[in-house]
Amino acid sequence: QVQLVESGGGLVQFGGALRLSCAVSGTFFRIYAMGWYRQAPGKQRELVATITSGGNTHYADSVKGRFTISRDNTKNTVYLQMNSLKPEDTAVYYCNADVRTTAWGPQINYWGQGTQVSVSS
């Protein structure tokens, strides 16, 4: 069974930095696109950044220039480096990955359990 385990959340002051990690574990054939989403209280979950297996990235306008997504395919891990954090970045951050568990099976979308990021003003 595939699992996504996030780490690296916490409390940081305005202007600070955090690095989130998400490791994919279990038995699978290949990982495709990976990404980070976030959900603030009372709001819908929104895309933060995505990265393809080839390294192409996409960012939400609100985080461009401040956040950087990267991945290490040898460790089946995706990272989110968050700099110049603002109070409006406060949210639960979720890791997401498209995974094919067998060579002949479909891609399945998986989610992590979420990690809290809080930015104080």
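This text leads through a predicted model, beginning with a disulfide and continuing with two threonines and a pocket.

The model contains one disulfide. The bond joins cysteine 22 to cysteine 95, with a sulfur-to-sulfur distance of 2.1 Å. Cysteine 22 belongs to strand β3, which covers residues 18-25, and cysteine 95 belongs to strand β9, which covers residues 91-100, so the pair ties together parts that are 73 residues apart in sequence. The handedness of the bond follows from its geometry: the torsion about the S-S bond is about -80 degrees, and the disulfide is therefore left-handed. Both ends can also be placed with respect to solvent. Cysteine 22 has a relative accessibility of 0% and so counts as buried. Cysteine 95 is likewise buried, its relative accessible area being 0%.

From cysteine 22 the path leads to threonine 77, since these two residues are in contact. Threonine 77 is located in strand β8, made up of residues 77-82. Is threonine 77 buried or exposed? Its relative accessibility is 7%, and because the limit for a buried residue is under 20%, threonine 77 counts as buried. The side chain of threonine 77 reaches the backbone oxygen of lysine 75 at a distance of 2.8 Å. When neighbours within four places in sequence are set aside, the contacts of threonine 77 comprise Ser21, Cys22 and Ala23, together with Met34, Ser70, Arg71 and Asp72.

A second threonine, at position 68, lies in strand β7, which spans residues 67-72. With a relative accessible area of 42%, threonine 68 is partly exposed, whereas threonine 77 is buried. Which residues does threonine 68 contact, leaving aside its neighbours within four places in sequence? They are Tyr59, Tyr79, Leu80 and Gln81. For the last of these, a backbone distance is also available: the C-alpha atoms of threonine 68 and glutamine 81 are separated by 5.1 Å, although the two residues are 13 residues apart along the chain.

The final feature is the largest pocket, whose volume is about 190 Å³. Its lining consists of 13 residues, and those nearest the centre of the pocket are Arg38, Ala40, Lys43, Glu46 and Glu88. How many residues of the lining are nonpolar, polar and charged? The lining of the largest pocket divides into seven charged, four polar and two nonpolar residues.

Methods. Residues numbered from 1 in each chain as written. Predicted model: local features only at pLDDT ≥ 70, side-chain atom pairs only at ≥ 80, totals over all residues. Heavy atoms only, no water. Helix = DSSP H or I, 4+ residues; strand = E, 2+ residues; numbered from the N terminus. Buried < 20%, exposed > 50% of the residue type's maximum accessible area, 1.4 Å probe, protein only. Polar contact = N/O pair within 3.5 Å; in protein donor to acceptor, adjacent residues only side chain to side chain. Contact = heavy atoms within 4.5 Å. Disulfide = S-S within 2.5 Å. 1 Å grid on protein atoms, 1.4 Å probe; cavity = no way out; pocket = protein on both sides within 12 Å on 5 of 7 lines; lining within 4 Å. Points joined across faces, edges and corners; volume = space filled by probe spheres on them. Nonpolar A, V, L, I, M, F, W, Y, C, P; charged D, E, K, R; others polar.
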